[in-house]
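Welcome, and thanks for taking a look at this one with us. Please open the structure in your viewer and keep the sequence at hand while you read.

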Amino acid sequence: MNRRLLDPFQSVELPEIIEEFLDHGSAQCMAFNRRGTLLASGTKEGQVVIWDFDTRGVAAVLNGHTGPVSSVSWSRNGRQLLSGSEDASVILWDVQQGKQVLRLQLGSAVLRVSLHPRGPPFPALAALAEGPPVLLDLSAAAAAGGPQAQGEGGRTAVEPLPLVPEAPDAAPAPGGRGRGANADAGGAGPGSAASGGLAVFSKSGDVVIGGQMRGALTVVDTATRRILDIVRLPNSARVTDLVLNRKGDLLLATCQDQRVRMFELAPAVAGRQGAAVAAAGAPGAGGSSNGDGGGAGSAPMPAPAVQPLEPPTDAQLAEAVGNKVIKSGSLLHGESGLLRHVRDFQNAVERTPWRTAAFSADSEHVVGATAAKSQLLLYIWNRPLGNMERILEGPKEGVLQLAWHPLRSLLLSCAGTGRIYIWAKVHAENWSAFAPDFKELDENTEYVEREDEFDWNTPGAGGELGLPMGAAGSGEGGTGEEGEGVAAGAAGGAGEEVDVFSRERLHYFSSDEEDEGAAAGDELLYLPVVIERELTPAAGRSEGGEGEDDGGDEDEEEPPGLQGVGGGVEASLAAGRLAQFPRRGGGAGGSNGVAAAAAAAARGAAGEDLSGDEEMRDVGADEGAEEGAGGGAVGGGGGGGAAGGRKRKVQFDEGTLGR
Amino acid sequence: MARGPGDTDMDEASADAAIPSSTPNPTVAFRCTHALSGHTKAVAAVKFSPDGSLLASGSADRTVALWDAATGARVNTLAGHSCGVSDVAWNPNGRYLATAADDHSLKLWDAETGACLRTLTGHTNYVFCCNFDGAAGHLLASGSFDETLRLWDVRSGRCLREVPAHSDPVTSAAFSYDGSMVVTSSLDGLIRLWDTQTGHCLKTLFDRDSPPVSFAAFTPNAKYVLCNTLDGRAKLWDYAAGRTRRTYAGGHVNTQFCISSGFLGGSSSASFDLGCSMVVTGSEDGSLAAYDISTGHVVGRGAAAAAAAEGGGDEGSAAAAAAGGVAGGHTAAVLSVNVHPSAPLVATGGHHPDNSVRVWAASRTEPAAA
């Protein structure tokens, strides 16, 4: 609802500073749900933490993994969450109930999981430390008898993905290994070409895009497991990260040769949305997906433009793989490949290695994080133009993962120390919001006063201040109508009906973000609030009020012991929430010192050193101070300034106040 | 209730109202079904629970009473505040209750057991108003005489944000239904809209003569903001355009107290039809007034005790009595009005010395022939 009042440019402005950080366990990975209301993070301690992103508080903690959680993935409706861990298990969670739906034990440590975007029933992908990525049939696994199901039963629950084609004549595959990965469920042996490969679902989930250890991306049909295309990368660069944008028509592959490569997905691969966009004649043109796309609404797309994908025959594949001429690009489709290379993002001067990359919410920007362990450097590039626009520098902690809020201009970076930093734009106060008769000018304008404007007694002037009539209204856009509007309303409004009840559907995404209506109904956006009874200090307080005779049915005594755990959580929370960075200047220093100490204490055994905090202080001090001072002054000043002239005494009976 | 009590009230109460409503015959009758007594001081706030089964009333006698909305039986009493309670609010699933009190604190209660779960401290003056966000119930907004708006994380009890919102006491703080905005009103004459997530001011609404604003809330669809001002009017603001769409005056008196209002009828969940959707507000003469939202006419009244007695022989009161209504209305100003979420019921809280909570049933009447 606030959209109408927000500055439309606010959501596309780039983050500038660390606004806050989340600290609960040592986060290693994270993911937003579709609307960005909940954030899931996986910790080194094996927990999955669900954050209520509006309050930045912990909404739930899911325990189940015995090793560090390496990846989390939301279902589209936000009701299920898949987590993968280095203990070689994946767990499907019912988020609302906080329970495990399914647990699968795989052959080796799980590096990355990806849940089918259109489930249920869910297939899922898991990239493993050893062996090729596997396709998990979660519904089959569930049918096969729950938690420990491992490929038995009628169907195979775990199936390795053939990223490297089976080549009987032992022609060297791009990965350097001829024998395919179509081995048995145990997966190919260690050292296999596809070992350690990554895989992600396309937006529709119809195809899987896999990144091989060395030098190629493979497009695989999810249903038939047939290879549709292989795209060779220059320098045989290893792919360390794969990420799609929200519309699903662009792919970022972070490669080990100091480049982040962007590919455009052919409509057939991008899925229905891509097809729709292509049909509209604007492929990849509109990144500003928050605007209204076509007028198609949520009507089912006929997708006429999409050619059915013809999987190549084995012979074609073998021939293509054996092709040594093509150094880069599609081996099967040439220029019209399923993945079209668009651009590289890199730091050509310093040859910075990249750890991971992400798209901004509107896909207009690409952000890359450097791979250095003791450096938090985020490069933000303009996606269509390719130029670098901003470098964000944070505490010297390294980056594990990036996530851009799906709707807002907020960038999250998961640091090596296990904190999640929230990068935001420095807020510039909108003064005209505080006082409607305040107009913000972009540049100086010369004001020509009327002859009698500042005369003491002006006949016909508006009010005792001698301001000209209508001056008060001149700030707002539609000044002219304002007066008339009031008059019309006052006259009893012979006009149209005023409907205060019926709600319009709120659009959070563009209309080409299809079937939102269907999904919106059962989307899980928030976890129910459970309030634990608080600790004792307040009980003492309430005792004072207990003198009242009415309170017969009350028992204010806090049950001791009940809060042991909750209290601990809360303490660490409070420490983690410390939102503001230490500010320059004596006054704030004290409290921040205390808070920093608390934060350190809360993490206790984790062995995190205070130096992290110190460094952060250096880095964040400037911005923090500016932001804080600005914000404070603004609030107070604005309130006072706007209302100062109109203050008046009001007879206010104490009864209303309840005294 | 054809004519009679309503007219007497209006004549004596609001002769000076700038915009006299051209009142056709009232078409909605309010019949007092329950008079709930028990509070020993003024009742500052009444709120139906989200499922409509309970009614909470907060009073200057420092307690909050929970009443069975159907029978009027007192279910529970929440005691713990050391000063009077100014506002109560239910969280969206009806499990918890928040109270704002003059002891500078807010408390969160378990509605079922009546246990105080948490005390939220931080305000430096009387806390005057509070509301949960309607979508998730994880945020609580409170407004105080310390002129700030505070947003609280309900789970942890932490204050997420303190906004120096106004230059006079904040008289109400309410969320839009999707939780993305908060509206605050203040005696400084301004209504401000805030972005929940960032705490930034989005818009300020005020009139040229800016009378103190005693109450503001979003309409159920959050397209407009309804406010009450201490010049005896209620206004419907189109906040996006920054102008008033409708003004409601003539049916109620309001110059001193912060009286809340509610919306009755027309909701999709409502299984009744009163002919129009209404703004229901309280009056300092002890009555209840209902305005047609679109036309601004007074379409119904719940009479004050004096007026009801006076017009005892009147056909309207007779009808009310015949229908089993409890005789009489409030004997003092109506401080709080709340509309039942699904039934045509309105709850009101009376000022000292009335101290009662009353439940009114609204029903459609055939307009009497002229």
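Which side chains does a polar contact of 2.7 Å join? The partners are S176(B) and D178(B), in this predicted model.

## Around S176(B)

To find the spot, go to chain B and look for the loop that runs between β14 (170–175) and β15 (181–186), where S176(B) lies. S176(B) counts as buried because its relative accessibility is 1%, under the 20% cut-off.

Setting aside residues up to four places away in sequence, S176(B) touches M181(B), F218(B) and A222(B), and also M1(A).

## Chain A as a whole

Let's step back to chain A for a moment. Its secondary structure comprises twelve helices and 29 strands. Chain A has 659 residues, and 50% of them count as buried. The accessible surface of this chain is about 29300 Å², with 52% of that belonging to carbon and sulfur atoms.

If you like contact statistics, here is one: take the contacts in chain A between residues at least 6 apart in sequence, and 55% of them join residues at least 24 apart.

## Repeats from the record

An unreviewed UniProt entry carries the annotation "repeat: WD" for residues 30–61 and 62–103 of chain A. In the model, residues 30–61 of chain A are 0% helix and 62% strand, and the C-alpha atoms at the ends of the span lie 14 Å apart. For residues 62–103 of chain A, the figures are 0% helix and 60% strand, with 13 Å between the end C-alpha atoms.

## Nonpolar cores

In soluble globular proteins, nonpolar side chains tend to be buried together. Here, the largest nonpolar core has 34 residues, and I191(B), V225(B) and Y239(B) have the most contacts inside it. The elements of chain B that give two or more residues to this core are β15, β16 (191–195), β17 (201–205), β18 (213–218), β19 (225–229), β20 (233–238) and β24 (288–292). With five residues, β18(B) supplies the largest share.

V225(B) is a good residue to click on. Beyond its neighbours within four places in sequence, V225(B) is in contact with residues including V183(B), I191(B), L193(B), F218(B), W237(B) and Y239(B). Another core, of 23 residues, lies apart from this one; V200(A), V239(A), A253(A) and L339(A) are among its members.

## T281(B) in its strand

Next stop: T281(B), which sits in strand β23 (residues 278–282) of chain B. T281(B) counts as buried because its relative accessibility is 0%. Its side chain shares a polar contact of 2.9 Å with the side chain of S261(B).

Neighbours within four places in sequence aside, T281(B) is in contact with ten residues' worth of surroundings that include N228(B), H252(B), I259(B), S287(B), Y291(B) and V337(B). Between T281(B) and L230(B), the separation is 51 residues in sequence and 13 Å in space, C-alpha to C-alpha.

## Cysteines

How many disulfides are there over all chains? The count comes to zero. C116(B) is in no disulfide, and the nearest cysteine sulfur, from C130(B), is 13 Å away. C116(B) counts as buried because its relative accessibility is 3%.

C201(B) is likewise in no disulfide; for this residue the nearest cysteine sulfur belongs to C227(B), 16 Å away. At 3% relative accessibility, C201(B) counts as buried.

Note on methods. Residues are numbered from 1 along each chain as its sequence is written. Chains are lettered from A and ligands numbered from 1 in the order in which they are written. This is a predicted model: local features need pLDDT of at least 70, side-chain atom pairs count only at pLDDT 80 or more; totals for chains, interfaces and linings use all residues. Side-chain values use heavy atoms; hydrogens and water are left out. Helices (H or I, at least four residues) and strands (E, at least two) are DSSP runs, numbered from the N terminus. Buried means under 20% relative accessible area, exposed over 50%, partly exposed in between (1.4 Å probe, protein chains only). Contact means heavy atoms within 4.5 Å. Accessible areas come from the Shrake-Rupley method with a 1.4 Å probe; for residues, only the protein chains shown count as cover. A polar contact is a pair of N or O atoms within 3.5 Å; within protein, one must be able to donate a hydrogen and the other to accept it, and residues adjacent in sequence count only if both atoms are side-chain atoms. A nonpolar core is a set of buried Ala, Val, Leu, Ile, Met, Phe, Trp, Tyr and Cys residues joined through side-chain atoms within 4.5 Å. UniProt positions are given in the numbering used here, feature names are shortened, and annotations may be inferred rather than shown by experiment. A disulfide is a pair of cysteine sulfur atoms within 2.5 Å.
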